[in-house]
Amino acid sequence: MVDLIAKKRDGFEHSTEEIQFIVKGYTEGTIPDYQMSAWAMAVFWRGMTPRETADLTLAMATSGDQIDLSSINGIKVDKHSTGGVGDKTSLVVAPLVAAAGIPVAKMSGRGLGHSGGTLDKLESFAGYQVERSREQFLQQVREIGVAIIGQSGNLTPADKKLYALRDVTATVEAVPLIASSIMSKKIAAGADAIVLDVKVGKGAFMKTVEDAERLASAMVEIGRQVGRQTVAVLSDMNQPLGFAVGNALEVQEAVETLKGDGPKDLTELALTVGSQMLVLGGKETELDVARHKLEELIASGRAVDKLAEMVAAQGGDAQAVYDFSRFPQASLKYEITAVKAGYIAEINAENIGHASVLLGAGRLTKETKIDLAVGIVLQKKVGDFAEKGEVLATVYANQQKLLDTARPEVEAAFQISESPVQASPFIYKII
C-alpha cells in the first residue's frame with residue numbers, strides 16, 4: 001500500500017488490479033485508515049483518469065451485496081439527486097415515470113444536515129415502511145411498477161467506510177471520489193440506466209456551474225465505461241426548490257405537483273428528469289413526446305393515484321394523498337414579512353435549509369429524531385415583487401424556543417432590491 005500511495009502522490013496511474021487491491025484491503029481491514037487517508041489525499045491532489053475512476057466505482061459496487069433486478073421486465077432506470085433544499089423530486093418522478101410504464105426500483109437515503117432525505121419525507125405517511133426484504137421489494141415493483149425503500153445493510157460497504165473517512169480527512173471534495181461514491185451505489189442497486197440531477201448553487205454541494213459540470217461529466221463517463229446509459233441534468237439550487245421545505249410540507253407539495261398544481265420549477269424539473277427516464281427506458285425516442293406523455297398522466301390523475309398505490313403497498317396511509325389533514329401538523333406558525341417594498345433578489349437556500357434543521361426538520365447527527373410536521377413554506381420566489389409588510393414565508397414549528405432560533409435565519413435568507421431582478425436559469429445544462 002505504501003508503494004501505491006507513493007505512485008498516486010507522484011501522479012501516476014493505477015492499474016485495475018491495484019485499485020481492486022486497495023478497495024478489497026480497505027473493506028476487509030488489512031489496509032488501515034491512516035494509509036487510506038493518505039491515498040485519498042493523493043487522489044484529491046492528483047485526480048484519477050476516467051478508466052481509474054470507473055475501476056474504483058466497480059470495485060466499490062462489487063464490495064458487498066448487489067441487487068439483481070432481472071426478474072422485473074423492462075429497462076430499469078434509476079434517478080439520483082446530489083441533494084439540496086426542498087428537493088422532493090423523487091416523490092414526484094418515481095410514481096410519474098412508473099405510471100408511464102417504466103419500472104422504478106429505488107433505494108433512497110435519510111437526510112443529514114440541511115439536505116432532506118426521501119425516506120424521512122415518505123415516513124410523513126403514517127405507517128409507511130422503508131425497510132423491505134429484497135423479495136418484497138422486487139415483488140412490489142413487479143406488481144405495481146414502483147417501490148422506494150431504504151438501502152440494504154451490505155450495499156457498497158467499501159463506499160460506506162471510505163465516505164466516513166473522507167468526511168474527517170478533508171477529502172470529500174475530490175471529484176473522482178464523489179463520482180465513484182454516487183455511481184457505485186446506483187450500479188450495486190441494479191439499474192440499467194441512470195438519470196442524475198446535479199444541483200448547482202448556494203444550497204448545493206457544488207457551488208458553481210463549472211464544478212457541477214466536472215462532477216456530472218465524471219459520472220456520465222463512469223456510466224459509459226461500465227456499460228450503463230447515464231444522463232446528468234444540472235439544475236439550480238441557489239434558492240430552495242419549490243416553496244416547501246420540511247418533510248410533511250414537501251410531501252404535500254409533491255402531491256400537488258402530481259395533480260398538476262405544483263410550483264413551476266419543481267414541475268419543470270420533474271418533467272425534464274422524467275422525460276430522460278422514459279427515453280433511456282425505451283418507452284419513447286423523442287424527449288418532447290415523452291414530456292407530453294408525462295403531462296397527460298398528471299392531467300388524468302393517474303400519476304397521483306400511482307403514488308397512493310405505492311404508499312398503500314408499503315403499509316402507509318394512502319388516504320393522506322387525498323386528505324392533507326392526515327399528515328403531521330405543526331402547532332405554531334409565524335409569518336416572515338418584507339421590511340420594505342421591492343423585488344426578491346435572493347432567497348439563500350443554505351439559510352433556509354439551516355433554519356429547517358434548527359426547527360427539527362433535519363438531522364445534525366445520525367441519531368437525531370426528526371419532527372415531520374415542521375418547516376418553512378415560501379410565499380415568494382426570486383424575481384417576484386413584494387409590498388412592505390407582505391408575507392415572504394411562513395415558519396411552522398412545534399416549539400417556541402426552536403421557532404425563535406430559526407426565525408433570524410429565515411429573515412436573513414431574503415434580499416430585496418428596488419430594481420427588477422432576473423432569476424438565474426433553472427436548468428443549466430444536460431450532459
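Begin by selecting Arg-51 and Asp-55, whose side chains form a salt bridge with the closest N and O atoms 2.5 Å apart. The model on screen is a predicted one, and every stop on this tour should be read with that in mind. Both residues belong to helix α4, which spans residues 50–61, and they are 4 residues apart, about one turn of the helix. If you colour the pair by accessibility, Arg-51 counts as partly exposed at 26% relative accessibility, whereas Asp-55 counts as buried, because its 15% relative accessibility falls under the 20% cut-off.

**Other salt bridges within helices**

The structure holds 28 salt bridges, and two further examples can be picked out inside helices. Side chains of opposite charge can pair when their charged atoms come close. Select Lys-306 and Glu-309 next, whose side chains meet in a salt bridge of 3.1 Å, N to O. Helix α14, residues 302–313, carries both Glu-309 and Lys-306, and they sit 3 residues apart, about one turn of the helix. Here it is the lysine that is covered: Lys-306 is buried, with a relative accessible area of 14%, while Glu-309 counts as partly exposed at 35%.

Move on to helix α16, residues 400–413, where Asp-404 and Arg-407 are separated by about one helical turn because they are 3 residues apart. Their closest N and O atoms are 3.9 Å apart, and the two residues form a salt bridge. Asp-404 counts as partly exposed at 38% relative accessibility, and Arg-407 is likewise partly exposed, with a relative accessible area of 27%. Now return to the opening pair and add Glu-13 to the selection, since salt bridges that share partners join Glu-13, Arg-51 and Asp-55 into one network.

**A buried isoleucine in helix α2**

Select helix α2, residues 16–28, and within that helix Ile-22. At 1% relative accessibility, Ile-22 counts as buried. What is Ile-22 in contact with, leaving aside its neighbours within four places in sequence? Displaying the surroundings of Ile-22 brings up Met-1, Leu-4, His-14, Ile-31, Met-36 and Trp-39 as its contacts beyond those neighbours. A distance label drawn between the C-alpha atoms of Ile-22 and Leu-56 should read 9.1 Å, although the two residues are 34 residues apart along the chain.

**Aromatic rings and charges over them**

The structure holds 4 aromatic pairs. Phe-44 and Trp-45 have ring centres 5.3 Å apart and planes at 85 degrees, so this pair is edge-to-face. The accessibility of the two residues can be shown alongside: Phe-44 is partly exposed, with a relative accessible area of 30%, and Trp-45 is exposed, with a relative accessible area of 66%. For a grouping of three, select Phe-125, Phe-324 and Phe-327, which form one aromatic cluster.

Two lysines can then be shown together with the rings they cover. Lys-161 lies over the face of Tyr-26, at 4.5 Å from the ring centre. Lys-381 lies over the face of Phe-243, and in this case the distance from the ring centre is 5.6 Å.

**The strands**

Switch to a cartoon view and select β1, β4, β5 and β13, the 4 strands that form an open sheet in the order β1-β4-β5-β13, with mixed pairing. Which strands stand at the edges of this sheet? They are β1 (77–81) and β13 (427–430), and each has a single partner strand, so one side of each is left without a neighbour in the sheet. From one strand to the next, the twist averages 15 degrees. To follow the pairing at one edge, select β5, residues 229–236, which is joined to β13 by 3 bridges, the two strands running antiparallel. Within that pairing, Val-233 has Ile-430 of β13 as its bridge partner.

The tour ends with another strand pair, β2 and β3. Strand β2, residues 104–108, is joined to β3 by 5 bridges, and the two run parallel. Selecting Lys-106 and Ile-148 shows a pair of residues across this pairing, with Lys-106 standing opposite Ile-148 in β3. Is strand β3, residues 146–150, mostly covered or mostly uncovered? An accessibility colouring of β3 shows a mostly covered strand, in which 5 of its 5 residues are buried.

Technical notes
Residues are numbered from 1 along each chain as its sequence is written. This is a predicted model: local features need pLDDT of at least 70, side-chain atom pairs count only at pLDDT 80 or more; totals for chains, interfaces and linings use all residues. Side-chain values use heavy atoms; hydrogens and water are left out. Two strands pair if DSSP finds at least two bridges between them. Axes are lines fitted to C-alpha atoms, for helices over the stretch in contact, and angles run from 0 to 180 degrees between N-to-C directions. Buried means under 20% relative accessible area, exposed over 50%, partly exposed in between (1.4 Å probe, protein chains only). Contact means heavy atoms within 4.5 Å. A salt bridge is a side-chain nitrogen of Lys or Arg within 4 Å of a carboxyl oxygen of Asp or Glu. Rings of Phe, Tyr and Trp (its six-membered ring) pair if their centres lie within 6.5 Å; planes under 30 degrees apart count as stacked, over 60 as edge-to-face and the rest as tilted. A charge sits over a ring if NZ of Lys or CZ of Arg is within 6 Å of the ring centre and within 35 degrees of the ring normal.
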